[in-house]
Amino acid sequence: MLVVSRKQNQSVVFPALGIRVEILRVAGKTVRVGVEAPDEIQILRGELPHSTRSVAESNGESTKENHELRNRLNKANLAMKLLQKQLAAGSLDDAEESLELALKTFDEIERTASTEVTVGALPGFAETDSNSGKTQKRALLVEDDPNERMLLAAYLRASGYEVDTAEDGQAALEYLAQHKPDAVVMDMEMPRLSGSECVKEIRSDYQFDDMKLFVVSGMEQRAMNVPSGDRGVQRWFQKPLSPEDLVNAMESYLN
């Protein structure tokens with residue numbers, strides 16, 4: 001069990017991953033968190049270009065294990081990104097919960113890691129500018145993993161969006177029968193109705209022609225046979241996600 005507090009110089013180490021997370025400084029409402037990782041887990045400043053290499057590859061093909069690893073890394077990364085926004089806003093209790101979730105997720109990865117798995121680029125943990133003062137856009141987030149759904153929804157809200165959520169493609173269509181958000185952000189592999197089928201249903205309805213679709217998935221776009229453009233999705237983001245890139249893309253298409 002991981003126990004997290006805001007004590008200065010507290011650190012948690014994951015030997016198999018070569019990752020160390022440390023509380024560097026606590027001063028009033030300011031908390032500095034450091035993340036140390038080996039070269040193969042690249043932690044970069046958010047304003048610098050970063051690799052979008054696969055998190056785990058086996059002979060160039062994604063596997064079920066790789067997809068699960070992507071999801072775990074994505075959950076930890078989202079928690080760290082949300083942590084930064086919460087720290088910047090002075091919400092230390094919320095930030096502590098996000099840090100605890102991130103560390104627990106790193107612990108899960110640590111316990112399942114093996115020497116045969118190559119971990120690729122993990123997006124950086126830099127903060128993005130807030131969208132205060134702008135008219136709020138509404139987004140529907142479709143994700144079957146409850147932790148990922150909660151974290152990404154919180155990040156989008158902290159970035160200035162009104163966010164509703166759905167747990168799968170079928171729930172998304174039921175929501176869209178009564179609401180028309182500006183954008184839909186969805187996973188692909190979901191129960192009842194997959195993301196690819198959901199995209200087809202949405203794009204077959206003319207009333208959603210101007211709605212923007214964004215995918216966040218552990219799968220590659222070509223493997224899911226989902227087109228790009230007005231009759232498909234605007235952007236495809238492979239997990240682990242850099243949420244700043246998603247927010248920047250949404251702003252580019254919606255503004």
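The expected span of a helix is 1.5 Å times one less than its number of residues, and helix 3, which has 13 residues, reaches 18 Å from its first C-alpha to its last, close to the 18 Å expected. This helix belongs to a predicted model, in which 5 strands form an open sheet with parallel pairing. The points below take up the sheet, the helices packed on it, the nonpolar cores and one buried glutamate.

**The sheet**

- The strands of the open sheet follow the order 5-4-6-7-8, and their pairing is parallel.
- Strand 5 (162-166) and strand 8 (235-238) stand at the edges with a single partner strand each, so one side of each is left without a neighbour in the sheet.
- From one strand to the next, the twist averages 20°.
- Strand 6 (residues 183-186) pairs with strand 7 (residues 212-217) in the parallel sense over 4 bridges, and Val 184 stands opposite Leu 213 in strand 7.

**Helices packed on the sheet**

- Helix 3 (residues 146-158) touches strand 4 (138-142), strand 5 and strand 6, and its direction makes about 165° with that of strand 5.
- Helix 7 (residues 243-254) also packs on the sheet, where it touches strand 4, strand 6, strand 7 and strand 8, with its direction at about 170° to that of strand 7.
- At the N-terminal end of helix 3, Asp 145 acts as a cap, with a side-chain oxygen 3.1 Å from the backbone nitrogen of Asn 147.
- Helix 3 is followed by Gly 160, whose phi is positive, near 105°.
- Among the buried residues of helix 3 are Glu 148, Arg 149, Leu 152 and Leu 156.

**Nonpolar cores**

- The largest nonpolar core has 32 residues, and those with the most contacts inside it are Leu 152, Leu 156, Val 185, Phe 214, Leu 246 and Met 250.
- Several elements each supply at least two residues of this core, including helix 1 (64-88), helix 2 (92-112), helix 3 and helix 7.
- Beyond its neighbours within four places in sequence, Leu 152 is in contact with Leu 78, Leu 141, Val 185, Leu 241 and Leu 246.
- Another core, of 24 residues, lies apart from the largest one, and its members include Val 142, Val 184, Val 215 and Val 233.

**A buried glutamate**

- Glu 143 has its place in the loop between strand 4 and helix 3, and because its relative accessible area is 7%, Glu 143 is buried.
- Leaving aside neighbours within four places in sequence, the contacts of Glu 143 include Glu 148, Arg 149, Asp 187 and Lys 239.
- The side chains of Glu 143 and Lys 239 are joined by a polar contact of 3.3 Å.
- The C-alpha atoms of Glu 143 and Asp 168 are separated by 6.1 Å, although these residues are 25 residues apart along the chain.

Technical notes:
Residues are numbered from 1 along each chain as its sequence is written. This is a predicted model: local features need pLDDT of at least 70, side-chain atom pairs count only at pLDDT 80 or more; totals for chains, interfaces and linings use all residues. Side-chain values use heavy atoms; hydrogens and water are left out. Two strands pair if DSSP finds at least two bridges between them. Axes are lines fitted to C-alpha atoms, for helices over the stretch in contact, and angles run from 0 to 180 degrees between N-to-C directions. Contact means heavy atoms within 4.5 Å. A nonpolar core is a set of buried Ala, Val, Leu, Ile, Met, Phe, Trp, Tyr and Cys residues joined through side-chain atoms within 4.5 Å. Buried means under 20% relative accessible area, exposed over 50%, partly exposed in between (1.4 Å probe, protein chains only). A polar contact is a pair of N or O atoms within 3.5 Å; within protein, one must be able to donate a hydrogen and the other to accept it, and residues adjacent in sequence count only if both atoms are side-chain atoms.
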